Amino acid sequence: MADIAPAAADKPGDAPRRCIFGQADMDHFRRSAARKELLAFVSAMGRGLTSGNAQPLPHGGYRHQSPLGHLTPALASLHGSLACMSTTWMDPEQGGIPPDLKAKARFGNPAFREWHARLVERSYGIVRCLMNCHVKYASSSATGDDGLTKEQILKECSDQGYHAASSEGTTLWPREESAKTASNEEDVIAELRAYLHDGFGHPIRIDYGTGHEASFTVFLLSLCKIGCFHWADSNNKSDKADGEGQGKPSPSPEVISLASLSLFHVYLNVTRGLQRDYMLEPAGSHGVWGLDDYHCVPFYLGACQMMAREQWQQQTVQSAKKKSNAQGAEQGNENDTEGEAEKRMPDNPYLPEATSPVVDSSAPANAHNEDRDHWAPSIIHNRQILEMHRPSYLYLSCIHFIQQIKPNVPFFESSPMLNDISQIGNWAKVSSGLLRLYEGEVLDKMPVVQHFVFGKIFRADWTPSRKMPLEAPKRTFINGPMGEECIAPWAIEGNGGDGSNASSPPGLPGGMPPTRAPWAK
């Protein structure tokens, strides 16, 4: 392991910057290629699970027992880094940053600022690690240069990503590079770091919302554009980090979907810990219109996963019918023997003509029965189903988390929109509606997208109305300069607040007397 310090990554002129400051910029963004790319990428996340060209699979192809199965080396490294962030960064026994129990605020524990500072410090190692994984295994997906199997390669990259997130300034494998290649990689790393920093909340406002989730989605889009959703081509090793994505074939929606399912599961483990332990304030929450206080994409992706489950059930029913007809043609009109009747699986009343579907022999034994049951959107009201199957199904996981953080509130009051969605008849309508919701309430809302930063990968194709944004406040009203609670001067003991000097007006900083009500003279 060798320490590599950021070179060109931290130059002010090279850093991604905001480009949406007013309505004119917002109009440009609505027509921009960047918005089209982002919307198409989010759409592909779900479309790949339900595409007619894809082979329907239970759980949409995702299995929480083997989350690395559909990832590339670069994405496996990212998965390992996110796993480290979710398990150790808030655990004081593992060097994490626990919430400040003395903070007196309803939302926003100031310890989150330390957590985000750690993200900024270690993001270079995290991004450099996934880039190195991508370049090192620039070969087919079957075996690596060292004769390792695909599973061994992914496990090694995941472990290296975990280590990169648990330490500072490290990289995987030192290698010789030309000055041009090194400069290109540093530019790409700087841009990817900016998207990653914005993907977990704002350190000054101590909040999190769909805009931060969108920044993480832009991070994934950028990885896709530079080829990290592919096992790299050994003939193009020198062109892996040019920042443009030129000459790299776009991955299929199926590849994007399966990778996104795995990455969003572990990403949500991180953000839910932040929301729960640091009490991050919902950024721009609109109350009753919102799915929950923080997220949107996981609900769409989860609905598409449930839709893929329906398609798998339909296909297994058809396969069972074909198999039954073929067996009937071979056996003629002979009656079933007693031994054959004992071997036949019990009929399923939820399926047409009580035909038992063919189950996946590779699936865990306890998964067979639940895969045969029909789940309408109203299944979210079944707490037993939520508890049992939330590790596999993203939509159920999102509903379970809402009920976990709001345990004593009726669901129709805490999440009225999700409650209304549960009354829809099928998952196809749910998924299409959620995609329209994401487009209208996230990508087309200036309060959300105005914080986007743009670079060479996620590019703004217009001239911004302002060169630099207005300076954001460095302090909040709730917390003082050292993180303590701000208290009015006249409420301080000995300054009139305890009645010890009530006869004389309390003093204020600068010698200014306090404002008093006219009738108090």
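This text walks through one protein chain, from its overall make-up to single residues.

The model is predicted, so local features need pLDDT of at least 70 and side-chain atom pairs count only at pLDDT 80 or more, while totals for chains, interfaces and linings use all residues. Residues are numbered from 1 along each chain as its sequence is written, and side-chain values use heavy atoms, with hydrogens and water left out.

Start with the whole chain. It holds 17 helices and 6 strands. Helices (H or I, at least four residues) and strands (E, at least two) are DSSP runs, numbered from the N terminus. The chain has 521 residues, and buried ones make up 47% of them. Buried means under 20% relative accessible area, exposed means over 50%, and partly exposed lies in between (1.4 Å probe, protein chains only). Now take contacts, meaning heavy atoms within 4.5 Å. Among contacts between residues at least 6 apart in sequence, 76% join residues at least 24 apart.

Next, look at two helices. Helix 3 covers residues 73-88. Its 16 residues reach 22 Å from first C-alpha to last, close to the 22 Å expected at 1.5 Å a residue. The expected span is 1.5 Å times one less than the number of residues in the helix. Of the 16 residues in helix 3, 13 are buried, so the helix is mostly covered. Helix 8 covers residues 253-277. Its 25 residues reach 35 Å, close to the expected 36 Å. Helix 8 is mostly covered too, with 19 of its 25 residues buried.

One residue of helix 8 is Ser-257. What is its relative accessible area? It is 0%, and therefore Ser-257 is buried. Leave aside its neighbours within four places in sequence. Ser-257 is then in contact with Ala-44, Met-45, Gly-46, Arg-47, Gly-48 and Leu-49.

Met-45 also takes part in a contact between helix 2 and helix 7. Helix 2 is residues 33-50, and helix 7 is residues 210-225. Their axes come within 10 Å and cross at roughly 90°. That crossing makes helix 2 roughly perpendicular to helix 7. Axes here are lines fitted to C-alpha atoms, for helices over the stretch in contact, and angles run from 0 to 180 degrees between N-to-C directions. Angles under 35 degrees count as roughly parallel, over 145 as roughly antiparallel, 65 to 115 as roughly perpendicular, and the rest as oblique. Helix 2 brings Glu-37, Leu-38, Phe-41, Val-42 and Met-45 to the contact. Helix 7 brings Thr-217, Val-218, Leu-220, Leu-221, Cys-224 and Lys-225. These residues divide into 8 nonpolar, 1 polar and 2 charged. Ala, Val, Leu, Ile, Met, Phe, Trp, Tyr, Cys and Pro count as nonpolar; Asp, Glu, Lys and Arg count as charged; the others, Gly among them, count as polar.

Turn to the aromatic rings. Rings of Phe, Tyr and Trp (its six-membered ring) pair if their centres lie within 6.5 Å; planes under 30 degrees apart count as stacked, over 60 as edge-to-face, and the rest as tilted. By this rule the count comes to 23 aromatic pairs. Phe-299 and Tyr-395 form an edge-to-face pair, 5.9 Å centre to centre with 85° between the planes. The pair links distant parts of the chain. Phe-299 sits in helix 9 (residues 297-331) and Tyr-395 in helix 13 (residues 394-405), 96 residues apart. Phe-299 is buried at 0% relative accessible area, and Tyr-395 is buried at 1%. Phe-454 and Phe-458 form a stacked pair, 5.1 Å centre to centre with 10° between the planes. Phe-454 counts as buried at 4%, and Phe-458 at 1%. Ring pairs also build a cluster, linking Trp-89, Phe-112, Trp-115, Phe-200, Phe-216, Phe-219, Phe-264, Tyr-267 and Tyr-278.

Now for backbone angles. Most residues other than glycine have a negative phi. Met-279, which follows helix 8, has a positive phi near 50°. Met-279 lies in the loop between helix 8 and strand 5 (281-282). At 31% relative accessibility, Met-279 counts as partly exposed. Ile-206 has a positive phi near 55°. Its place is the loop between helix 6 (179-197) and strand 4 (207-208). Ile-206 is buried, at 2%.

Finish at Ser-422. This residue lies in the loop between helix 15 (416-421) and helix 16 (427-443). Is Ser-422 buried or exposed? Its relative accessible area is 3%, so Ser-422 is buried. Ser-422 and Ser-378 are 44 residues apart in sequence, yet 4.5 Å apart in space, C-alpha to C-alpha. Beyond its neighbours within four places in sequence, Ser-422 is in contact with Pro-377, Ser-378, Ile-380 and His-381.
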